[in-house]
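Colleague: I'm new to this one, so could you walk me through it and tell me how you back up each label?

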Amino acid sequence: ERETRTHESRIKGLTIPNFYDITNSPNAPTTFTLLSKRRLIGAFAQANLAYKDFLFLSLNARNDWSSTLPQGSNSFFYPGANASFVVSRLMDMHNAGISYFKIRTAVGRTGKDAPVYSLQSVGVASTVALGFGNILFPINGLSAYEIGNIIGNLNLTPELTTENKNGTEIRFL
């Protein structure tokens, strides 16, 4: 579980130029607090198998449940597998100058949930842009909010990425 609290204060019109302090202004500071919470629960399993010290297989699987995704669609599963075969254990390759030769391959998926508060549009503190400057709220205890520029989406799904790797390891002499 992650909880973030951000407290921010702003002033407009510095009395002493380039002295950035909340008290360095004839204007009252504007402040706001942002609280965000998210919970991610995961289960992970891994199995490693070997056969006669030349064939290896590693399997892994993870399932996450995220509070930032819609209920009923907040679970996502991503597996992976690695396999390797040590060819030099089965055949003598010293005549070719090779003391060790291994072939390996891997495939895996990685999952990622959505940022906090992406399901619904949220209100943000408002600023009114005018030709002679901006009006920053609150003014005289009057707050103003507007819908933020991030549109919520109740149909979000996790981001899943698949990766493939292939390779060899060769040692000479």
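Modeller: Happy to. A salt bridge here is a side-chain nitrogen of Lys or Arg within 4 Å of a carboxyl oxygen of Asp or Glu. Keep in mind that this is a predicted model.

Colleague: What makes Glu169 and Arg104 a salt bridge?

Modeller: Their closest N and O atoms are 3.5 Å apart, and the cut-off is 4 Å, so the pair qualifies. Glu169 sits in strand β11 and Arg104 in strand β6, so the bridge ties together parts 65 residues apart in sequence. Both also belong to a salt-bridge network with Lys102 and Arg171.

Colleague: How many salt bridges does that rule give?

Modeller: The count comes to 10. One of them joins Asp53 and Arg89, at 3.4 Å from N to O. Asp53 is in the loop between β3 and β4, and Arg89 in the loop between β5 and β6, so parts 36 residues apart in sequence are tied together.

Colleague: Why is Arg89 called exposed?

Modeller: Its relative accessible area is 53%, and exposed means over 50%, so Arg89 earns the label.

Colleague: And why is Asp53 called partly exposed?

Modeller: Asp53 has 43%. Buried needs under 20% and exposed over 50%, so Asp53 falls in between.

Colleague: What makes Leu59 fit for a surface patch?

Modeller: Patch residues need over 30% relative accessible area, and Leu59, in strand β4, has 38%. Leu59 forms a nonpolar patch with Leu49 and Leu57, with about 240 Å² of accessible area together.

Methods. Residues numbered from 1 in each chain as written. Predicted model: local features only at pLDDT ≥ 70, side-chain atom pairs only at ≥ 80, totals over all residues. Heavy atoms only, no water. Patch = residues over 30% accessible without salt bridge, like charges linked within 9 Å, V, L, I, M, F, W, Y side chains within 5 Å. Areas by Shrake-Rupley, 256 points an atom, 1.4 Å probe, with all protein chains shown as cover. Helix = DSSP H or I, 4+ residues; strand = E, 2+ residues; numbered from the N terminus. Buried < 20%, exposed > 50% of the residue type's maximum accessible area, 1.4 Å probe, protein only.
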